[in-house]
Amino acid sequence: MDVVFPVLHGTYGEDGTVQGLLDLAGLPFVGSGCGFRGRMDKDMQKRLFLQAKRLSAFSRYHARRMGKIARKVLSAIRKKFRFPVFVKPATLAVRSA
């Protein structure tokens, strides 16, 4: 094998786990390596893109434990976006609200 081309999606495929394993095994691979775990956090990526003045799709971040403000959040989403909307977690990691 000359080089590993890890074309993977999701946890372990994008968080650097596989790249770290390849690095430990001494196998050459393409990609960014395992150094920056923030690439798996959509909210962090969004902030970095905006800070670097890069284009990014419209989005909104809301804390996982919305509790009593859930109706306000839904109202804000309705004002900002047209339905249907796509909702997904910013990250699979536990995040304090």
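Colleague: In what order do the elements of the protein chain run from the N terminus on?

Modeller: The order is α-α-α. This is a predicted model. The chain holds three helices and zero strands.

Colleague: What is the average pLDDT of the protein chain, and how many of the residues score at least 70?

Modeller: The average is 78, and 81% of the residues score at least 70. Among the elements, helix 1 has the highest confidence, at a mean of 88. Helix 3 has the lowest, at 81.

Colleague: Why is Ala76 called buried?

Modeller: Its relative accessible area is 18%. Buried means under 20%. The value for Ala76 falls under that cut-off, so the residue is buried. Ala76 sits in helix 3. Its C-alpha lies 9.3 Å from that of Arg60, a residue 16 positions away in sequence.

Colleague: Which other residues of helix 3 are buried?

Modeller: Val73 and Ile77 join Ala76 in the buried set of helix 3, residues 70-80.

Colleague: How do you know that they are on the same side of helix 3?

Modeller: By the arc. The buried residues cover only 100 degrees around the axis, and therefore share one side of helix 3. The other side carries exposed residues: Arg71, Lys72, Arg78 and Lys79.

Colleague: What makes the buried residues of helix 1 a face?

Modeller: The residues concerned are Gln19, Gly20 and Leu22. Viewed down the axis, they fall within an arc of 160 degrees, so they line one face of helix 1. Leu21, Leu24 and Ala25 are exposed on the other side.

Colleague: What follows helix 1?

Modeller: Gly26 does, with a positive phi, near 75 degrees.

Colleague: Why is the pairing of Arg47 and Asp43 called a salt bridge?

Modeller: Their side chains come to 2.9 Å, N to O. The cut-off is 4 Å, from a side-chain nitrogen of Lys or Arg to a carboxyl oxygen of Asp or Glu. The Arg47–Asp43 distance is within that limit, so the pair qualifies. A search of the whole structure finds one salt bridge.

Colleague: Why are the two partners about one helical turn apart?

Modeller: Because Arg47 and Asp43 are four residues apart in helix 2. An α-helix has 3.6 residues a turn, so residues three or four places apart point the same way.

Colleague: Are Arg47 and Asp43 buried or exposed?

Modeller: Arg47 has a relative accessible area of 54%. Exposed means over 50%, so Arg47 is exposed. Asp43 has 10%. That is under 20%, so Asp43 counts as buried.

Colleague: Why does Val30 count as partly exposed?

Modeller: Its relative accessibility is 33%. Partly exposed covers the range between the 20% and 50% cut-offs, so Val30 belongs there. Val30 is in the loop between helix 1 (17-25) and helix 2 (42-51).

Colleague: Which residues make the nonpolar surface patch that includes Val30?

Modeller: Val3, Phe5, Val7 and Val30 make the patch, of about 390 Å². A patch residue needs over 30% relative accessible area. Val30, at 33%, clears that cut-off.

Colleague: What is the accessible surface of the protein chain?

Modeller: About 8400 Å², with 60% belonging to carbon and sulfur atoms. Of the 97 residues, 20% are buried.

Colleague: What share of the contacts with a separation of 6 or more joins residues 24 or more positions apart?

Modeller: Such pairs account for 40% of those contacts.

Terms used:
Residues are numbered from 1 along each chain as its sequence is written. This is a predicted model: local features need pLDDT of at least 70, side-chain atom pairs count only at pLDDT 80 or more; totals for chains, interfaces and linings use all residues. Side-chain values use heavy atoms; hydrogens and water are left out. Patches are made of residues with over 30% relative accessible area and no salt bridge: like charges are joined within 9 Å, nonpolar side chains (Val, Leu, Ile, Met, Phe, Trp, Tyr) within 5 Å. Accessible areas come from the Shrake-Rupley method with a 1.4 Å probe; for residues, only the protein chains shown count as cover. Helices (H or I, at least four residues) and strands (E, at least two) are DSSP runs, numbered from the N terminus. Buried means under 20% relative accessible area, exposed over 50%, partly exposed in between (1.4 Å probe, protein chains only). Contact means heavy atoms within 4.5 Å. The arc is that of the directions from the helix axis to the C-beta atoms. pLDDT is the predictor's confidence in each residue, from 0 to 100.
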